[in-house]
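I opened a fresh notebook page for this chain today. My plan was to pick one residue, look at its surroundings and work outward from there.

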Amino acid sequence: MYNLVFHPTLAARWKNFSPTQQIFMIGNELNRALNAYRDQDFTNVKEALERAFELMDLAIQWSRPNQQKELLRLRELLADFYQTPERFSGLALNQLCQRL
C-alpha cells in the first residue's frame, strides 16, 4: 500500500469501520466532488476524487474478492471522470453517486 496523502492515519483504523461506514466515507468525498462540479470548480473536483480514490483503495484492500470487483469497477468509472471532468455532465456524476 502506498503512503496515504489525504488520510495518513486512517489506514490503521480502516478495518475497524463497517463496510457501510466505509461506503459512506467514500460517498461523502463523491458528494464533495459533485458539489464542486456544480460550481465548475474542477480543481476541487479532482481533489475530492483523489480523496475518494484513497478511501476506495483502503476498502479494496480490506474487502472480500466479490466486493473488490465492484469497488474496482467504481474506481475505474471515477478514474475516467477524473481524467476529463469537463467532458461529463453533472447528471452523469450525480447518477453515479446515487448508485453508490
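**Entry 1: starting at Q22**

I began with Q22, which touches W14, F17 and A59, leaving out residues up to four places away in sequence. For me, contact means heavy atoms within 4.5 Å. Q22 sits in helix α2, and its relative accessibility of 10% makes it count as buried. My classes are buried for under 20% relative accessible area, exposed for over 50% and partly exposed in between, with a 1.4 Å probe and protein chains only.

A note on ground rules, since this is a predicted model: local features need pLDDT of at least 70, side-chain atom pairs count only at pLDDT 80 or more, and totals for chains, interfaces and linings use all residues. Residues are numbered from 1 along each chain as its sequence is written, and side-chain values use heavy atoms, with hydrogens and water left out.

**Entry 2: the whole chain**

I then stepped back and found five helices and zero strands, in the order α-α-α-α-α along the sequence. Helices here are DSSP runs of H or I with at least four residues, strands are runs of E with at least two, and both are numbered from the N terminus.

Of the 100 residues in the chain, 34% are buried. I looked up the accessible surface too: about 6,300 Å², with 50% of that belonging to carbon and sulfur atoms. These areas come from the Shrake-Rupley method with a 1.4 Å probe, and for residues only the protein chains shown count as cover. Among contacts with a separation of 6 or more, 62% are between residues 24 or more positions apart.

**Entry 3: the core**

Which residues have the most contacts inside the largest nonpolar core? I found L49, M56 and L78, in a core of 22 residues. A nonpolar core is a set of buried Ala, Val, Leu, Ile, Met, Phe, Trp, Tyr and Cys residues joined through side-chain atoms within 4.5 Å. The elements giving two or more residues to this core are α2 (19-38), α3 (42-62) and α4 (65-83). With ten residues, α3 gives the most.

**Entry 4: α3**

I checked α3 next: it has 21 residues and spans 30 Å from first C-alpha to last, close to the 30 Å expected at 1.5 Å a residue. The expected span is 1.5 Å times one less than the number of residues. Its buried residues include V45, L49, F53 and M56, and also the acidic E54 and D57. Cover for the buried residues of α3 comes from elements including α1 (11-14), α2 and α4.

**Entry 5: α2 and its far end**

Back in α2, I counted 20 residues reaching 28 Å, close to the expected 28 Å. Besides Q22, its buried residues are I26, E29, L30, A33, L34, A36 and Y37. They cover an arc of only 165° around the axis, which puts them on the same side of α2; the arc is that of the directions from the helix axis to the C-beta atoms. On the other side, T20, F24 and R38 are exposed.

After α2 I stopped at Q40, in the loop between α2 and α3. Its phi is near 60°, a positive value in a residue other than glycine. Q40 is partly exposed, with a relative accessible area of 49%.

**Entry 6: α4 and the loop before it**

For the 19 residues of α4, I expected 27 Å, and the end C-alpha atoms are 27 Å apart, which agrees. L71, L74, L78, F81 and Y82 are buried. Down the axis of α4 these fall within an arc of 100°, so they line one face of the helix. P65, N66, K69 and Q83 are exposed on the other side.

Is S63, in the loop between α3 and α4, buried or exposed? It is buried, with a relative accessible area of 14%. A polar atom of the S63 side chain lies 3.2 Å from the backbone oxygen of I60. Leaving aside neighbours within four places in sequence, S63 is in contact with Q68 and L71.

**Entry 7: the start of the chain**

Last, I looked at N3, in the segment before α1. N3 counts as exposed at 71% relative accessibility. N3 and E54 are 51 residues apart in sequence, yet 9.6 Å apart in space, C-alpha to C-alpha.

Notes: Polar contact = N/O pair within 3.5 Å; in protein donor to acceptor, adjacent residues only side chain to side chain.
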